[in-house]
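Biologist: I've got a model open on my screen and I'd like to learn how to read it. Could you take me through it one feature at a time?

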Amino acid sequence: MFGTSVSNRKLYAVRVGEGAPCGVAQYAIHAREWITALLALEQVRYRGVKGSVWFIPLANPDGALLCGEGLSSVNNASRRKFLLEVNGGEDFSLWKANLDAVDLNVNFNACWGTGKRNVFSPAPENYVGEAPFCAPESAALRDFTLKVAPQYTVSYHTKGEEIYWRFRQPVFRAARDKRLARALSQSTGYPLREAKGSAGGYKDWCIQTLKIPAFTVEAGREELRHPLDRAALSELVEKNLGALAALSREY
Ligand SMILES: [Zn+2]
């Protein structure tokens, strides 16, 4: 356990393997992308990783539960009222944020607030928060990452079957990072993309602050609808089971 959520749920990390290279793989930072947490449980069991990987299967537990179970997952009456107002209805199946309506993956201190789709008041998605790391979940993820000092990180999202690896790296680091990205691409079959207008994400922060290679994997075919459900899991597992092993061996 390395931290707690807005509603005091525990944030868990589990390590597989030992020594270097050490990776961090985090999943479901966006609530509606909870299917990736189930992918994490499969990847944890896969052998073949060189060194070690810290798995964080559910980076946004409150949000994932809200998405799956709706307001009945929220204990506090005033928070239920707040969420209902922000969401504009009781269907939370497309919710991405945490229980403060902060989108955790734009709350990191990496050109914070400059992203193309950023919004500046509470919302189901894209709200950057009042300040970088104002969300307990993103602050905990930052502190955990600084503590274990990984050589690379991978963030699992849905959907579109593509891999993002770029965030303003200088040329010499871009060459290293692209080589590693290619290993991920070969293993998954997903093409590499450069995200224009990205800012404040965990991957962005890892690249800018830690100066390590960091990747966002968008798993799941684009034609599937949010939120991807359990029927999509077998295909996600098939394409991604060996991805971290392939990346670690290329490192
Ligand atoms: Zn996402």
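Biologist: Let me start with Y27. Which residue is the bridge partner of Y27 in β6?

Modeller: Strands of a sheet pair through backbone hydrogen bonds, either parallel or antiparallel. In this predicted model, Y27 has Y156 as its bridge partner in β6. Right beside that pair, Q26 stands opposite S155 of β6.

Biologist: And how many bridges link β4 and β6, and in what sense do they pair?

Modeller: Five bridges, in the parallel sense; β4 covers residues 22-27. On to β9: six bridges join β6 to β9, and those two also run parallel. S155 has its bridge partner in β9 at T216.

Biologist: In what order do the strands of the sheet come?

Modeller: The sheet is open and has seven strands, in the order β3-β5-β4-β6-β9-β7-β8, with mixed pairing. The edges are β3 (14-17) and β8, each of which pairs on one side only.

Biologist: How many residues of β6 are buried?

Modeller: Count the neighbours: a residue is buried if 20 or more other C-beta atoms lie within 10 Å of its own. In β6, seven of the seven residues are buried, so the strand is largely enclosed by the rest of the structure. You can also sort them by direction: Y152, V154, Y156 and T158 point one way, while T153, S155 and H157 point the other way.

Biologist: Which residues have the most contacts inside the largest nonpolar core?

Modeller: That core has 69 residues, and the ones with the most contacts inside it are A25, Y27 and F215. Take A25 as an example. Leaving out residues up to four places away in sequence, A25 touches V53, F55, I56, V154, Y156 and L244.

Biologist: Now the helices. Which residues of α5 are buried?

Modeller: An α-helix has 3.6 residues a turn, so residues three or four places apart point the same way. In α5, the buried residues are D177, L180, A181, L184, S185 and T188. Seen down the axis of α5, they fall within an arc of 155°, so they line one face of the helix. V171, F172 and A175 are exposed on the other side of α5.

Biologist: What covers the buried residues of α5?

Modeller: The cover includes β6 (152-158), β7 (162-164), β8 (192-193) and β9 (214-219), along with α7 (233-240) and α8 (243-250).

Biologist: How far does α5 reach from its first C-alpha to its last?

Modeller: It reaches 25 Å over 18 residues (171-188), close to the 26 Å expected at 1.5 Å a residue. Just after α5, look for G189, which takes a positive phi of about 85°.

Biologist: Speaking of phi, which residue in the loop between β4 and α1 has a positive phi although it is not a glycine?

Modeller: That's A28, with a phi of about 60°, in the loop between β4 and α1 (35-45). A28 counts as buried because 27 C-beta neighbours lie inside 10 Å. A101 is another case to look at: its phi is near 60°, and it too is a residue other than glycine. You'll find A101 in the loop between α3 (77-87) and α4 (136-148). A101 is buried, with 24 other C-beta atoms within 10 Å.

Biologist: I'd like to check omega as well. Where are the cis peptide bonds at P21 and K159?

Modeller: One joins A20 and P21, with omega about -5°; P21 lies in the loop between β3 and β4. Another joins T158 and K159, where omega is about 10°. K159 sits in the loop between β6 and β7.

Biologist: One last stop, A64. Is A64 buried or exposed?

Modeller: A64 is buried, because 27 other C-beta atoms lie within 10 Å. Its place is in helix α2 (residues 61-69). Not counting residues up to four places away in sequence, A64 touches A28, A31, W34, A37 and L58. Try a distance check too: A64 and K50 are 14 residues apart in sequence and 30 Å apart in space, C-alpha to C-alpha.

Key:
Residues numbered from 1 in each chain as written. Predicted model: local features only at pLDDT ≥ 70, side-chain atom pairs only at ≥ 80, totals over all residues. Helix = DSSP H or I, 4+ residues; strand = E, 2+ residues; numbered from the N terminus. Buried ≥ 20, exposed ≤ 12 C-beta atoms within 10 Å, placed from the backbone. Contact = placed C-beta atoms within 7 Å. Expected span 1.5 Å × (residues − 1). Arc of directions from axis to C-beta. Pairing = 2+ DSSP bridges. Core = buried A, V, L, I, M, F, W, Y, C linked by C-beta atoms within 7 Å.
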